[in-house]
Amino acid sequence: MNAIAPLAALCLILTGHPWLALATLVTAHSLFLIPTLIPQNAWCGPVLTQLPASTSGFVWITIDDGPDPIDTPILLDLLDTHHAKATFFFIGAKARQYPHLVEEVIRRGHTLGNHTMTHPQYWFWCYPPHLLRREIIDCQKTLTALAPDHPPSFFRAPAGFKNPFIHAILKQQNLTLACWNARGLDGTERDPDKILTRLKSQIRPSSIILLHESRLDLDGNRLAPNVLAQLLKHLKDQKLLSQLPAS
């Protein structure tokens, strides 16, 4: 569609229909950008946005951007205290740097997710297939080498932005594209109270919750442990437990 649109627009201009030409170009680019820039959009392939309805008493906590030498151990202890399970979407390059944390996540009964090798969050959505493949496969190989009995089953794109080429690659790697339906915007927001307010307003039974490691709050304290501690208390009050989905 995007390849044909410029030719169609040129024909419309030459035949005296400039506004139709503009509409053609806008429509063509929208058809590409909507599934790319809206993480939950499934026009180009399947996207997991919530747990099955049968898991009504559960949610799924997912934690991106680790491993982090400070945050990850604290997060693991908090999850243990509340008998909760989570999936850590690790960046391959950081996993190589902290392999013991990858092993510890598995030892504690959690799972790994593929979050690309280098986390190119500003450019991943417009990468051509060979660069997408390298980011996804290199991370998959890295995490599988560190936890050979527990390879990732889920993939999440940096910032959730993907493009239509990604689905064929994920299928070849037996990976499911995982999104979310509850997030506190902790990738940019540094006020834990605002993050928790957003999360609490969105969390429902079967929610997929998105958190991020490796960030500081407004006072320079570790953000993720603070948010997770209060989130787990909220889930307990709501009689919800974080468990892992079927692969």
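Contact means heavy atoms within 4.5 Å. The model used in these exercises is predicted.

**Exercise 1.** Find which residues of helix 5 are buried, and what they pack against.

*Solution.* Start with the helix. Helix 5 spans residues 99–107. Its buried residues include Leu101, Val102, Val105 and Ile106. Next, check their directions. These residues cover an arc of only 140 degrees around the axis, which puts them on the same side of helix 5. Then list the partners. The buried residues pack against three helices' worth of neighbours and two strands: helix 3 (71–81), helix 4 (92–97), helix 6 (129–146), strand 2 (86–90) and strand 3 (111–114). Finally, step past the end. Just after helix 5, Gly109 has a positive phi of about 90 degrees.

**Exercise 2.** Classify the ring pair of Trp60 and Phe89, and place both residues in the chain.

*Solution.* The ring centres lie 6.4 Å apart. Planes under 30 degrees apart count as stacked, and over 60 as edge-to-face. Here the planes are at 50 degrees, so the pair is tilted. Now place the residues. Trp60 is in strand 1 (residues 58–66) and Phe89 in strand 2, 29 residues apart. The pair thus links distant parts of the chain. Trp60 and Phe89 are both buried.

**Exercise 3.** Classify the ring pair of Phe88 and Phe90.

*Solution.* The centres are 5.7 Å apart. The planes are at 55 degrees, so this pair is tilted. Phe88 and Phe90 are both buried.

**Exercise 4.** Which residues form a cluster with Phe89 through ring pairs, and which charged end sits over its ring?

*Solution.* Ring pairs join Phe89 with Trp60 and Phe154 in a cluster. The charged end of Arg156 sits over the Phe89 ring, 4.5 Å from its centre.

Definitions and conventions: Residues are numbered from 1 along each chain as its sequence is written. This is a predicted model: local features need pLDDT of at least 70, side-chain atom pairs count only at pLDDT 80 or more; totals for chains, interfaces and linings use all residues. Side-chain values use heavy atoms; hydrogens and water are left out. Buried means under 20% relative accessible area, exposed over 50%, partly exposed in between (1.4 Å probe, protein chains only). Helices (H or I, at least four residues) and strands (E, at least two) are DSSP runs, numbered from the N terminus. The arc is that of the directions from the helix axis to the C-beta atoms. Rings of Phe, Tyr and Trp (its six-membered ring) pair if their centres lie within 6.5 Å; planes under 30 degrees apart count as stacked, over 60 as edge-to-face and the rest as tilted. A charge sits over a ring if NZ of Lys or CZ of Arg is within 6 Å of the ring centre and within 35 degrees of the ring normal.
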